[in-house]
Amino acid sequence: MPTDSIWSYPPGLDHARGADLTGYTVVASDGTAGHVDRQAGHHGMPHLVVDTGVWVFGRSLLVPVGVITSVDTAGRKLTVSCTRAELKAAPRFRTDSETMDHVYLTAVGHYYSELPREERPAG
């Protein structure tokens, strides 16, 4: 996946663009990963800050919107194309200032764009 597309909602998820996803449960391909604590889009790089709760105690994750595979507005849940281990292995998110740091965001984008992607059926 090209790095620039990691910062764009995938085709078919246009309804999520501009929506407030705060509070939505984040589900990885192998289980729940946390919930969306906040959203940001500095430098044209929209992403979610995910609170992992007790799964990775005391740690939040920065997740580009390009890894979202589905959004269930009624169930307030979104699914990402990563496993929990892949999310946990992403560049460490430490402070809110990193949501505005172009160098950090670029490193995050590169990490997620290099992950293998399963082809998912449409619909």
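This is a guided tour of a predicted model, moving from the sheet to the core and then to the charged side chains.

**The sheet**

Begin by selecting the strands in cartoon view, where six of them form an open sheet in the order β4-β3-β2-β1-β6-β5, with mixed pairing. Colour β4 and β5 separately, since these two stand at the edges with a single partner strand each, so that one side of each has no neighbour in the sheet. If you then look along the sheet, the twist from one strand to the next averages 35°.

Next select β1 (25–28) and β2 (31–40), which run antiparallel and are joined by four bridges. These two strands form a hairpin, with two residues between them, and within the pairing A28 stands opposite G31 of β2.

Keep β1 on screen and add β6 (77–80), because this pairing has a different sense to look for: β1 and β6 are parallel, and three bridges connect them. Picking V26 leads across to L78, its bridge partner in β6.

Now move to β3 (47–51) and β4 (60–64), which run antiparallel and are joined by five bridges. Here V50 is a useful residue to pick, as its bridge partner in β4 is L61.

**The helix and the core**

With β3 and β4 still shown, add α2 (102–114), which lies across both of these strands and runs at about 70° to β4. Then show the side chains of I68, L78, V80, L87 and Y112, which touch the most other members among the 33 residues of the largest nonpolar core. Each of β1, β2, β3, β4, β5, β6 and α2 supplies at least two residues of this core, and the largest share, four residues, comes from α2.

Centre the view on Y112, and ask whether this residue is buried or exposed. Y112 is buried, its relative accessible area being 0%. Setting aside neighbours within four places in sequence, a contact selection around Y112 should bring up I6, L62, V63, P64, V67, C82, L87, A90 and R117.

While Y112 is centred, display the ring of Y111 as well, for a search of the whole structure finds one aromatic pair. Y111 and Y112 form that pair in an edge-to-face arrangement, with 5.2 Å from centre to centre and 80° between the planes.

**The charged side chains**

Finally, hide the core and select D37, R38 and D96, which are linked in a network of salt bridges; the structure holds two salt bridges. Side chains of opposite charge can pair when their charged atoms come close.

The side chains of D37 and R38 meet in a salt bridge, at 2.1 Å from N to O. Turning to D96, its salt bridge with R38 has its closest N and O atoms 2.2 Å apart. Which parts of the chain does this pair link? The parts are distant: D96 sits in the loop between α1 (84–89) and α2, whereas R38 belongs to strand β2, and the two residues are 58 residues apart.

Switch on a surface and colour it by accessibility to see how these residues are placed. D37 is partly exposed at a relative accessible area of 33%, R38 is likewise partly exposed at 26%, and D96 counts as partly exposed at 43% relative accessibility.

Notes: Residues numbered from 1 in each chain as written. Heavy atoms only, no water. Phe/Tyr/Trp six-rings, centres within 6.5 Å; stacked < 30°, edge-to-face > 60°. Buried < 20%, exposed > 50% of the residue type's maximum accessible area, 1.4 Å probe, protein only. Core = buried A, V, L, I, M, F, W, Y, C linked by side-chain atoms within 4.5 Å. Contact = heavy atoms within 4.5 Å. Pairing = 2+ DSSP bridges. Axes fitted to C-alpha atoms, helices over the stretch in contact; angles between N-to-C directions. Salt bridge = Lys/Arg side-chain N within 4 Å of Asp/Glu carboxyl O.
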